[in-house]
Amino acid sequence: MSEVVQAGGWGLLAGSALLLGAVFGYGLRVPQKVIALVMAFGAGVLLSAVSFELVEEAYDEGGLGPAAVGTLAGAGAYTLGNVWLIRRGARHRKRSGLHAGQAQPSEEAHSGSGLALALGALLDGVPESAVIGVSLLDGGAVSLVTVAAVFISNVPEGLSSSAGMKKAGRTKGYVFGVWGAIAGASTVSAVLGYTVVGSFSPAVVAAVTAVAAGAILAMIADTMIPEAFEEAHLAIGLVTVSGFLVSFALSHT
C-alpha cells in the first residue's frame with residue numbers, strides 16, 4: 001500500500017471519531033459529567049502527544065529555533081482564526097449547551113453561525129490530521145500515538161459539540177453533514193501533510209510540525225479544558241494526568 005493512501009486512511013480513521021462522537025451526542029442523552037471527564041482525558045492524551053511526539057520531533061529535526069517559532073506561530077494563527085469565528089457565533093462550538101450562557105446560537109439568533117460552527121470544527125481538526133501525514137515521513141510508519149491521541153480526543157469533541165448543535169435547533173442532516181465533511185477534510189489534510197510537507201527541508205518540516213503543535217495546544221486550552229472544567233472541575237486534574245500518562249506510555253513502548 002502506498003504511503004499516500006496510508007496517510008489518507010489514518011487521517012480518515014482519526015476524523016471518523018468525530019462522527020462516532022456525533023452519533024452518541026445527537027442520539028443519546030450522555031450525562032454531562034461523563035462528557036466532561038472524557039474531554040479531560042482526551043486533553044491529557046493530546047497534551048502528551050504534542051509534547052513527546054510533535055514538539056520533541058520538531059526540536060530533534062530543526063533545533064530550538066524552528067520548534068519555538070513554529071509553535072508560537074501555530075498558536076497565534078489558531079488564536080486569530082478563533083477570534084474571527086467567535087465574532088460570527090462559534091465561541092461555544094464544543095459546548096453541549098447545558099448552560100444557557102454557553103449554548104451554541106441558532107441561525108435565527110445569530111445569522112451565519114452555522115457556517116461559523118462548521119469552519120470552527122475545520123480549524124480545530126486540520127492541524128491534528130496534518131501531523132498524522134507528516135509523521136509518515138519518519139521512516140514510512142505512522143505515529144500510532146498521534147493517531148490514538150487524535151482519535152481519543154475527537155470522540156468527546158464530536159459528542160459535546162453535536163449535543164450543543166441539537167439543542168440549538170440544527171437538523172440531523174446539518175450535524176452529520178458537518179462532521180462527515182470534517183472527516184473528509186481530515187483525510188485530505190493527512191495526505192497533504194505527507195505529500196506537500198515531505199518535499200521540504202528538515203528544518204521546514206520541523207517548523208510545520210511545530211506550527212501544528214502550537215495550534216493544537218491553543219485549541220486544548222481554549223476549547224477542551226474549559227468544557228471539561230465546567231462540569232468536572234474536582235476531578236479534571238486527575239483525569240487529565242491519567243490521559244497524559246496513557247499517551248506517554250504509548251510513546252515509549
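This briefing covers selected helices, aromatic pairs and charged side chains of the structure. The model is predicted. Its aromatic pairs come to 3. One of them joins Tyr-26 and Phe-176, whose ring centres are 5.7 Å apart with planes at 65°, so the pair is edge-to-face.

**Tyr-26 and its surroundings**
- The Tyr-26 and Phe-176 pair links distant parts of the chain, as Tyr-26 belongs to helix H1 and Phe-176 to helix H6, 150 residues apart.
- Tyr-26 counts as buried at 14% relative accessibility, whereas Phe-176, at 25%, counts as partly exposed.
- The ring of Tyr-26 also has the charged end of Lys-166 over it, 5.0 Å from the ring centre.

**The Phe-52 cluster**
- Phe-52 and Phe-248 form an edge-to-face pair, with 4.9 Å between centres and 65° between planes.
- This pair connects helix H2, which holds Phe-52, with helix H8, which holds Phe-248, across 196 residues.
- Phe-52 is partly exposed at 26% relative accessibility, and Phe-248 is partly exposed at 30%.
- Phe-244 joins Phe-52 and Phe-248 in one aromatic cluster.

**Helices H1 and H5**
- Helix H1 has 25 residues and an expected span of 36 Å, which agrees with the 36 Å between its end C-alpha atoms.
- The buried residues of H1 include Gly-8, Gly-11, Leu-18 and Tyr-26.
- Of the 24 residues of H5, 18 are buried, so this helix is largely enclosed by the rest of the structure.
- Gly-169, just after H5, has a positive phi of about 90°.

**Glu-53**
- Glu-53 lies in helix H2 and counts as buried at 19% relative accessibility.
- Beyond its sequence neighbours within four places, Glu-53 contacts Ser-48, Ser-143, Val-145, Thr-146 and Ser-251.

Conventions
Residues are numbered from 1 along each chain as its sequence is written. This is a predicted model: local features need pLDDT of at least 70, side-chain atom pairs count only at pLDDT 80 or more; totals for chains, interfaces and linings use all residues. Side-chain values use heavy atoms; hydrogens and water are left out. Helices (H or I, at least four residues) and strands (E, at least two) are DSSP runs, numbered from the N terminus. Buried means under 20% relative accessible area, exposed over 50%, partly exposed in between (1.4 Å probe, protein chains only). Contact means heavy atoms within 4.5 Å. The expected span of a helix is 1.5 Å times one less than its number of residues. Rings of Phe, Tyr and Trp (its six-membered ring) pair if their centres lie within 6.5 Å; planes under 30 degrees apart count as stacked, over 60 as edge-to-face and the rest as tilted. A charge sits over a ring if NZ of Lys or CZ of Arg is within 6 Å of the ring centre and within 35 degrees of the ring normal.
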